[in-house]
Amino acid sequence: MAAVIWLALGLPTLLATASMLSRRRRWTRYAAIIASVVALVSGIALVVLTRSTRAVTSTAAVTTTAMTTAGGILRADSLSAYMLAVVGLVALTATWAGLPSKDIGDSSDSVDPGEGTYSALLCLFLGAMTLARLADNLGVMWVAIEATTITTAFLVGQHGDRRALEAAWKYVVLGSVGVSIAFLGIVLIYAATTAGGAPTLSWVLLAHPAQPLDPDLIRVGAALAVLGFATKAGLAPMHSWLPDAHSQAPAAVSALMSGVLLSVAFYAILRIRTISDALLGPTPMRGMLLTGGLLSLLVAAALILTQPDYKRMLAYSSIEHMGLLALGAAIGGPLAIGAVLLHILGHGLAKPSIFVVAGRILTAEGTSRIDGVHGLLARQPRLAVPFLTAMAALLGFPPSVLFFTEVAIVVAGFQQGLGWAMAVALTLLLVIFAGLARHTVNMTLGKADSTGSALPSVRPSGAMIPLGLALALVAVIGFLAGPLRDVIALAVATLGGTS
Amino acid sequence: MTDAGFTQVLGSCAGVLILTAVLQLWRRSLSGSVTLLALQGAALSALIGTIGVAAADPELIGVAVLVLAIKAVAIPIVLGRTAAATGARREDAPRINPTAALLLSAVLTTVAYLASRPILGAAPDAAQRAVPVGIAVVLIGFLLLLTRRQAISQLIGFVVLDNGIAMIALLTAGGVPLVVELGVSLDVLLVVLILRVLTGRLKHVFGATDLDDLTELHD
């Protein structure tokens, strides 16, 4: 079973190296897709394997012999296996749909060498996210999350113009400083274990009730770690890099960042929350996450209403969904945490689809301004139909799974006596709903012969199958109660869900 | 090493760390800032080495060598070359003037001492007593990041912040495990290299490395 873990980590690295070495070859375009499939297959394999044995520990022979921590650095349990499968699924959607179209006219076997580098960075990015999911060591998880910043830095600045460079600079500086704060938190958590006499960074041991810990250090450390990772997860008030990076990156990269990178950082928050809750009770984390969640919803509501740019609008919608996840984590308990995990999957599928379509709209219409796009449904049905469907899924129209998860989070909030917070959240969600719906209607409906269509519109190209599959999955997931319920329930149990 | 000698060396290293951080606020010449950064890296390495020798811990001594190579040699060289390549020599107009920045650093140091009370516990040993200095270095790193306009100065602020965190890690927990330390050092080095490349592109596209030019993206 350990082989699956090594395969999931090794293959993306291998693919990245191969793409770098043979970067003029056409096949490098598919390297990132293969890496996504690897993540998906190994994630599903681990989900199946962990169901029977609950926990696989790979005693990483080379790296852990020098370690004083008990157990291995890599570990797959129900939660990390589920999250890995989500990474694979989302990455497959994003990379497959974001594939450069074949019909540009070059039939030669070679491509621009920049494309090989691009694929290599994407593979490394996927590898880093896989490592973040499979590390049972807060330090290694931190290194992996920081590595995602490093691998995506050049992907964000890919276009090389002023705006892309500005976005890349802000992304790297804010992202790195944010996770540095998280590292300070992790250091203090480590100090809390040395004070207790048994130094470890394994989050399994940290969450274990028998672990001697210094409560003061854990309180400060957990707060700093959550604050730092919240920067990377795009929670307000540390979100300012997100709309810039997501709007300037190439579509497939925005899709990946929004669909999974945010939730990788959020996964770290969930793990730290478990440690803090086990020792200090739910109050300290609940306060922080509730503040972050409500602020994120507020920021998203305010800026979506007046947003002139549709890619930035989608970025703010990501902040909204991260805010919802933070609210769910603040509420706690099996219902809310289960809904959070399912929401990560649903948002992870819907958001990349819409980012990819937005990228195609940008190519076809030549503008990313909302008021520059009119009557899309009449002129470009191949763009408008997936855009509308994905937006409906994001807005939570049933049968989109996001409808069920949002209801579950709100219901759980009322059950836990957080009625006032839920009332505020619902109001803000309504504002966001109205804003997104108004912009979408302005873009897609209306007459075709308005000013925007004076430009000769380019025929859209790109695969439709991945978009169709992803959106269909969003619609049916909510009804896959049988197999999925077990998987989610086991994952919730790993997070110390008090069921 | 005697106990008193150990405490003295420890205190001197911590002193150099905070002094170099404060002087960063005052220096405007970029080459001077880079030299200060190299000095700070060396002091951090010496601090790690001292504790490693005192605890007879070969892992910590290895970390000291690693930190010396990365923080005192590699990063300053990269930054020096960036400064030379982009032609940026001085931090001409920081957002607050040096006098105010120096006063603010005194306030931040006081804050650091107050904030470190819950972390230190009842009976701190010699190493733990230096923790507030680490926090002060972190806060001054933040101040540099927030108030500097040149791309390279912001990078220096980031490294100062990171040095402070490394110092706290060492003093509170005796350093992090070697695997993590390796990963962290590599990550910091890569971030500096990436920002160096981006600085070059900024110079190419904007014609300068003044971060106040980055104003196109906003809501």
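**Overall build and contacts of chain A**

Chain A holds 20 helices and 2 strands, both taken as DSSP runs numbered from the N terminus (helices are H or I, at least four residues; strands are E, at least two). This is a predicted model, where local features need pLDDT of at least 70 and side-chain atom pairs count only at pLDDT 80 or more, while totals for chains, interfaces and linings use all residues. Residues are numbered from 1 along each chain as its sequence is written, with chains lettered from A and ligands numbered from 1 in the order in which they are written.

Of the 499 residues in chain A, 62% come out as buried, that is, with 20 or more other C-beta atoms within 10 Å of their own, C-beta atoms being placed from the backbone.

An automatic or database domain assignment splits chain A into domain 1 (1-100 + 112-136), domain 2 (140-280) and domain 3 (282-499). The centres of domains 1 and 2 of chain A, taken over C-alpha atoms, sit 19 Å apart. Where these two meet, 24 residues of domain 1 and 26 residues of domain 2 take part; a contact here means C-beta atoms, placed from the backbone, within 7 Å. On the domain 1 side, α4 (78-97) and α5 (113-134) of chain A each give two or more residues, and α5(A) has the largest share with 8 residues.

Turning to the partner chain, 39 residues of chain A are in contact with 35 residues of chain B. On the chain A side, α6 (138-156), α7 (162-196) and α9 (215-233) each supply two or more residues, and α7(A) gives the most, 19 residues.

Note on methods: Buried ≥ 20, exposed ≤ 12 C-beta atoms within 10 Å, placed from the backbone.
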